[in-house]
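Colleague: I am new to this structure and would like a close look at a single residue, with enough of its surroundings to make sense of the answer. Please take your time over it.

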Amino acid sequence: MQQIASRNAVDAEIARLAGLMLARTDELTDLVLNRVAEEFPLYIGMIEPVALHATIKDHIHFAFEPITRYMPPDSRPAATSGRDRAMEGIPLTVIMDGYRIAFGVLWKELAGTADSVGLSTKAALRAASEVMDTLDAFTRESSAAYKEELRYQARREEQQRAALVQALLEGRLDDTNVWEAAELLRLPTIGPYVVIAARVANAGEYGLPHIERELGGMGIDSAWRLMHDVEVGVAHVPRPGDQFEKMVTALAAEGTGRVGVSPPYDHLLSTSQAMRLARIAMRGAQERRTVVVFGRDPLSAAAASAPDIMPQVADSVLGGLDGLPGEDRTLLLDTFGAWLDSDGSAAGAAKRLFVHPNTIRYRLRRLEERTGRLLSNPRSVAELSLAYEIDCALAGDGGAAG
């Protein structure tokens, strides 16, 4: 009973001390505000003085008023303050410095008041502990609310950026708001730009997960939109001569599937047309050439431009291979592809496939016999090349021509 009575007496002393501090709320608010202005003038310049005065006053009230009613301090104002400062763009370190200064002032005034009323040693120790707990609770709540607000802002900005990219890709912007969109997307208002389309393996996955950061390191600003089948970016390439090739190299290294790149264009309102060209280039990409720039490889673009018709074109050229086992058919077409990539050199193709040049020549003769097209005839080579590109594109989509 004596212990309970002693604890109650200490509680009463602390409640009385809190009441005395609460009665000095206006005075303490001015003291804290003046000290912050002296030690951290940057803080005063960042926050409206009237709003800062009200925030400090609320903190003092919510710190001491619950103690007078034998309740824990209420840290809700700290959460509100953290959210407000995040919305104002004030760094979190600045906010924490403000709490440090404020609680330093309050601690000094609390100690002086405790001494003036003859607070017992036990009550003084309890009061010191509760002040530290209050500081910890306030800084923790403020920091958590600040970070949550930043996450919310980041989500909103990302959603807004994605919606604007979608509007550009669909051609739903006009001259009156395209410049505003460029500002929000953090893209320059003058080109050249390119559209990049990367195939994604599954809905919700990224085709180029780190490419925005990679391109940013090259001085190429970009904005991206993830769709169910493709990840699309609008990139600003200020120096298309040297930057373009570096960008293509980065896309090949980063991508997990096919990637298509549109030709450069100068006006953002042309983005929807560039998107169509990037998609065609993406469909023309294949295992041996995962990144295709539209216009650099007309055959692959032609092979991908009419997916409903091109399989029939390929079948009309490669139909003679249908009777072969699948492995033999693939072997002949792979050999032809290596021959094309080696500029029509059997020796070059042999190096690529690690076989003797005579083996290449033998396989190519079989291809000629089966298709009825001689590789010495330019028209026949063109037809076989187009059919080969179509076959590669279909194989990459999970099917095969023929």
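At 17% relative accessibility, does arginine 373 count as buried or exposed?

Modeller: Before anything else, please keep in mind that this is a predicted model. In it, arginine 373 counts as buried, because its relative accessibility is 17% and the cut-off for buried is under 20%. This arginine 373 forms a salt bridge with glutamate 383, and the closest N and O atoms of the two are 2.6 Å apart. The pair links distant parts of the chain, since arginine 373 sits in the loop between helix 16 (357–371) and helix 17 (378–396), while glutamate 383 is in helix 17, 10 residues apart from it. Glutamate 383, for its part, counts as partly exposed, at 30% relative accessibility, so the bridge brings together a buried arginine 373 and a partly exposed glutamate 383.

To see this bridge in context, it helps to set others beside it, for the structure holds 12 salt bridges. One of them lies in helix 2 (residues 25–39), where glutamate 38 and arginine 35 are 3 residues apart, which means that about one helical turn separates them. Their side chains meet at 3.9 Å, N to O. Glutamate 38 counts as exposed because its relative accessibility is 61%, whereas arginine 35, at 32%, counts as partly exposed. Another bridge joins the side chains of arginine 100 and aspartate 97, at 3.7 Å from N to O. Both of these residues lie in helix 6, again with 3 residues and about one turn of the helix between them. Arginine 100 counts as partly exposed at 48% relative accessibility, and aspartate 97 likewise counts as partly exposed, at 27%. Salt bridges here can also join up, as Arg24, Glu27 and Glu109 are linked in a network of them.

Helix 2 deserves a second look from its buried side. This helix has 15 residues and reaches 21 Å from its first C-alpha to its last, which is close to the 21 Å expected at 1.5 Å a residue. Thr25, Leu28, Thr29, Val32, Leu33 and Val36 are buried in helix 2. Seen down the axis of the helix, its buried residues fall within an arc of 135°, and therefore they line one face of it. As general background, an α-helix has 3.6 residues a turn, so residues three or four places apart point the same way.

Helix 6 takes part in a further kind of contact, one between aromatic rings. A search of the whole structure finds 5 aromatic pairs. Among them is the pair of phenylalanine 103 and phenylalanine 138, which is edge-to-face, with 6.1 Å centre to centre and 85° between the planes. This pair, too, links distant parts of the chain, with phenylalanine 103 in helix 6 (residues 92–116) and phenylalanine 138 in helix 7 (residues 121–169), 35 residues apart. Both phenylalanine 103 and phenylalanine 138 are buried, and together with Tyr99 they form one aromatic cluster.

The strands complete the surroundings. They include an open sheet of 5 strands, with the order 2-3-1-4-5 and mixed pairing. Strand 2 and strand 5 (291–293) stand at its edges, each with a single partner strand, so that one side of each is left without a neighbour in the sheet. On average, neighbouring strands of this sheet are turned by 15° against each other, direction ignored.

Following the order of the sheet, strand 2 (residues 221–226) and strand 3 (residues 230–236) pair in the antiparallel sense over 6 bridges, and a hairpin of 3 residues joins the one to the other. Here serine 222 has alanine 235, in strand 3, as its bridge partner. Strand 3 also pairs with strand 1 in the antiparallel sense, over 7 bridges, and in this case tyrosine 193 is the bridge partner of histidine 236 in strand 3. Of the 7 residues of strand 1 (residues 193–199), 6 are buried, so this strand is largely enclosed by the rest of the structure. Strand 1 further pairs with strand 4 (residues 259–261) in the antiparallel sense, over 3 bridges, with alanine 197 opposite glycine 260 in strand 4. Strand 4 and strand 5, by contrast, pair in the parallel sense over 3 bridges, and valine 261 has valine 293, in strand 5, as its bridge partner.

Conventions: Residues are numbered from 1 along each chain as its sequence is written. This is a predicted model: local features need pLDDT of at least 70, side-chain atom pairs count only at pLDDT 80 or more; totals for chains, interfaces and linings use all residues. Side-chain values use heavy atoms; hydrogens and water are left out. Rings of Phe, Tyr and Trp (its six-membered ring) pair if their centres lie within 6.5 Å; planes under 30 degrees apart count as stacked, over 60 as edge-to-face and the rest as tilted. Helices (H or I, at least four residues) and strands (E, at least two) are DSSP runs, numbered from the N terminus. Buried means under 20% relative accessible area, exposed over 50%, partly exposed in between (1.4 Å probe, protein chains only). A salt bridge is a side-chain nitrogen of Lys or Arg within 4 Å of a carboxyl oxygen of Asp or Glu. Two strands pair if DSSP finds at least two bridges between them. The expected span of a helix is 1.5 Å times one less than its number of residues. The arc is that of the directions from the helix axis to the C-beta atoms. Axes are lines fitted to C-alpha atoms, for helices over the stretch in contact, and angles run from 0 to 180 degrees between N-to-C directions.
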